[in-house]
Amino acid sequence: MDNAQPMNPYEPNSIEAKWQAYWEENKSFKVELDSSKEKYYLLEMFPYPSGRIHMGHVRNYTIGDALARFKRMQGYNVLHPLGWDAFGMPAENAAIKNKTHPAEWTFENIRTMRKQIKALGLSYDWDREIATCHPGYYKWNQWFFLKFLEKGIAYRKNSTINWCEDCQTVLANEQVVDGCCWRCDNEVLQKQQEGWFFKITDYADRLLEGCKSLAGKWPEQVLTMQTNWIGKSFGAEVDFKVQQSDEVIKVFTTRPDTLYGAMFMVLAPEHPLTEKLSRGTEQEKAIDAFVKKVKVQDTIARTSEGGEKEGVFTGAYAVNPLTGESIPVWTANFVLMEYGTGAIMSVPAHDQRDLDFARKYDLPVRVVIHPESGPVDADTQAFTADGAMVNSASFDGLIGQEARKAVCQHLEKEGIGKATINYRLRDWGVSRQRYWGTPIPVIHCSNCGIVPVPESQLPVELPLDAQLGENGQSPLHTLESFYKASCPKCGADARRDTDTLDTFLCSSWYFDRYTSPRMEEAPFSKENSNYWMPVDQYVGGIEHAILHLLYSRFFNLVLNDLGLTQALEPFDHLLTQGMVIKDGAKMSKSKGNVVDPDEIINNYGADTARIFILFAAPPVKDLEWSDQGVEGCSRFLKRVWRIFSEFTEETKTVTLPDESFTTTIPEIKALRRMTHITIRRVTDDIETRVQFNTAIAAIMELVNHLFSFKEWWENNRDESARMAMREALETLILTLSPFAPHIAEEMASEMGLTKTLGQWTWPQYNEALTQTDEILIVLQVNGKVRQKISVASNISEDELKTRSLEDPKIQEWTQGKEIKKVIVIPKKLVNIVIQ
């Protein structure tokens, strides 16, 4: 272009440093409550400060940032914060390994990760940054605990823990490897210990109802997982008396209509009666060995469909309350203490797992349900559907729900059972015998019992001068300066609780804290919470489908009941992004397939990293890392810069086409059509489909069109062409900006736009301009597609035949051949039949 001044070459590192500094200096993404504007709360699950960010982080935050930038340009008041889930066991493990303090390790990692995240150009309001290990945050964890205690939701009871005697510490389930401590490789014991629990079971029905309201807004898989985890089931609780004993075994069954077919019972190895019933029998040693063996097995493997079902007879018998028969009591690995009563009645003819177990151990089988088609053969296949009761005394002939209801009424009348509802969900154990967490704000007094710490004394601060034991033991129970206290009630010498709270509590309300991050007199302002909550779009991994998301929903319901919040659910929409994989496996240090984000940013720029992450796969699918893909995205941004440089000087001074703009020039009409189609596609792909890959593909097509337009432009630079080009370039800048904000800001500045992109509004498309005067016609020879041509939509049939026969590619197939006939299907195809 003769008059154009060449722009500088595309230098992503300098451009990105420039705009990141500008955004930070001008607090471009700082947001305040503004009731005159519609809010949009965009949140990604906050990270654990593990040391350095990885590509999974990059994907999570880039997805969220693209949405936040898009919504901001649509005119929403966008809240987009970030903080740190900073308490937890990994810090303790790292402290032991690196001989440092968990606090020092955590805060150093926060500094490192904050710098890395800022290098991605993410549009966070950094004034709202929080860290859950700060006393100003965990003070409110303690305050909530006291409110839960006051309301009766927090309570204390005995529970089974994993204990390493050598390390003198409690281990999480994931720290037990093949029954041994992951750190010292010594055997792990299970013992009873008192701890704190939250009554999440009181909220089971409300949590299930909430799942219904989230349908269509949360992934179906997540809602199914939560529904199954809560596990509501209707059935009966039945008492089986143990022979020659005062003991009674309570079972829960969803099929009371099969009680006459209960041929044996099975207890969980952890059930208190398992060992007790074997005492004094020949089975005592076998039971002890089996219980010891099963206690170190993974519970998922124990209950999986393909797992081996193992059991041992306890030596005891129970009485079937309906038949009066004596039936053996077994223990087996597939029964868990956590579900129901920890005991089941086994009806092998009508439960496949029970049938497999019965055949393995030569136990009796009795059919008590018949399908409409007739008798059942229970040799290898259990009949599990509804049917008519048989071999069931006076209940014979009853079917399904009617049968179950009748049996339940009989059980209740006889005082041997009752209809009931059971839940798989268990109360949330929140005590942790760890150091790096929120101290539990209660005092144990020999006179007054458990006494809450007065609110005026919060926070109970975690002593940062404490040192972990050599093997990771918490120092809190031996640190006199911490545990020695006076009872708030009677003033006597007392002892602080030396457990800390589960870190899931920190992440169960952090989204509320973002609405008022520096508030000192309350966890958050009701006014701010009522304006910002719920989170409109939450983004994170599906691995958090149950615990974090379920606990957050529970916590929100309790805050509703306390009158602190009004949003019925904390997260309105949920997007669970797929993993980043390389060489067919999830990126991990152990596999040696990790890609360092810093390396990609240094070599190609943050915009290239962002474009690749968003273009390589739809957000919900796994993303396969590709070095070639990164190179391709870098080339694309260089093409964007090059084509922008070609046209920018001659379009700086012209105005955009208004509604009165008209042209008959096909090239200009085609350019405007492509411009408005791009706006429509990108808008729909982001807003409706959340498919960034196809949105970026649409922008790539616009760039290709601009390159093809360039040859015509060289000799046709009139005012209308420049106006159409100005419109195309602004569209390119604005639609690209959510994905590659740095290059977009630089192009906007070069074009002379007076506002930064955060102040611009999202472009609107004109539907009429997306329509074409041409249609695509498929050309066939003897029914096979040989060519496609564009023709005017109002072309006559005769003219279409002529155009088809004159097409060079068609003539290659028809030359020297006799044309028998030409079949025209209007606006679709032409089929040329040759001899």
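1. Salt bridges are a good place to begin. In this predicted model, the count of salt bridges comes to 51. One of them joins the side chains of Asp127 and Lys27, at 3.1 Å from N to O. This pair links distant parts of the chain, with the two positions 100 residues apart. Asp127 sits in the loop between helix H4 (102-118) and helix H5 (135-151), while Lys27 lies in the loop between helix H1 (12-25) and strand E1 (39-44). Asp127 has a relative accessibility of 29%, so it counts as partly exposed; Lys27, at 44%, counts as partly exposed too.

2. Two further salt bridges are worth a look. Arg128 and Asp125 meet through their side chains at 3.1 Å, N to O, and both residues are buried. Lys582 and Asp583 also form a salt bridge, here at 3.7 Å from N to O. Is each partner in that pair buried or exposed? Lys582 has a relative accessible area of 19% and is therefore buried, the cut-off being under 20%. Asp583, with 62% relative accessibility, counts as exposed. Back at Lys27 and Asp127, salt bridges with shared partners join these two with Lys30 and Glu32 into one network.

3. Next, the cavity. The count of cavities of 30 Å³ or more comes to one, and the volume of the largest cavity is about 90 Å³. Which residues line the largest cavity? They are Trp23, Phe29, Arg69, Arg72, Met73, Ser737, Pro738, Glu745, Leu757 and Gly758. By type, the lining divides into five nonpolar, two polar and three charged residues. Helix H2 (residues 55-73) gives the most to this lining, with three residues.

4. Helix H2 deserves a point of its own. Because 18 of its 19 residues are buried, H2 is largely enclosed by the rest of the structure. Its length is also as one would hope: at 1.5 Å a residue the helix should span 27 Å, and its end C-alpha atoms are 27 Å apart, which agrees. Just after H2, Gly75 takes a positive phi of about 100 degrees.

5. Please also look at strand E33 (residues 829-834). Five of its six residues are buried, so E33 is largely enclosed by the rest of the structure. Strand E30 (residues 774-781) runs parallel to E33 and is joined to it by four bridges; Leu779 has Val830 in E33 as its bridge partner. Strand E32 (residues 819-825) pairs with E33 in the antiparallel sense, over six bridges. In E33, Ile834 stands opposite Ile819. E32 and E33 form a hairpin with three residues between them, and Lys827 in the turn has a positive phi of about 65 degrees.

6. Strand E12 (residues 326-332) also has a parallel and an antiparallel partner. E12 is mostly covered, with six of its seven residues buried. On the parallel side, strand E10 (residues 264-267) pairs with E12 over three bridges, and Leu267 has Thr331 in E12 as its bridge partner. Strand E11 (residues 311-319) pairs with E12 in the antiparallel sense over seven bridges; here Tyr317 is matched with Pro328 in E12 as its bridge partner. Which residue takes a positive phi in the hairpin of E11 and E12? In that hairpin, with six residues between the strands, Gly324 has a positive phi near 75 degrees.

Key
Residues numbered from 1 in each chain as written. Predicted model: local features only at pLDDT ≥ 70, side-chain atom pairs only at ≥ 80, totals over all residues. Heavy atoms only, no water. 1 Å grid on protein atoms, 1.4 Å probe; cavity = no way out; pocket = protein on both sides within 12 Å on 5 of 7 lines; lining within 4 Å. Points joined across faces, edges and corners; volume = space filled by probe spheres on them. Nonpolar A, V, L, I, M, F, W, Y, C, P; charged D, E, K, R; others polar. Expected span 1.5 Å × (residues − 1). Buried < 20%, exposed > 50% of the residue type's maximum accessible area, 1.4 Å probe, protein only. Pairing = 2+ DSSP bridges. Salt bridge = Lys/Arg side-chain N within 4 Å of Asp/Glu carboxyl O.
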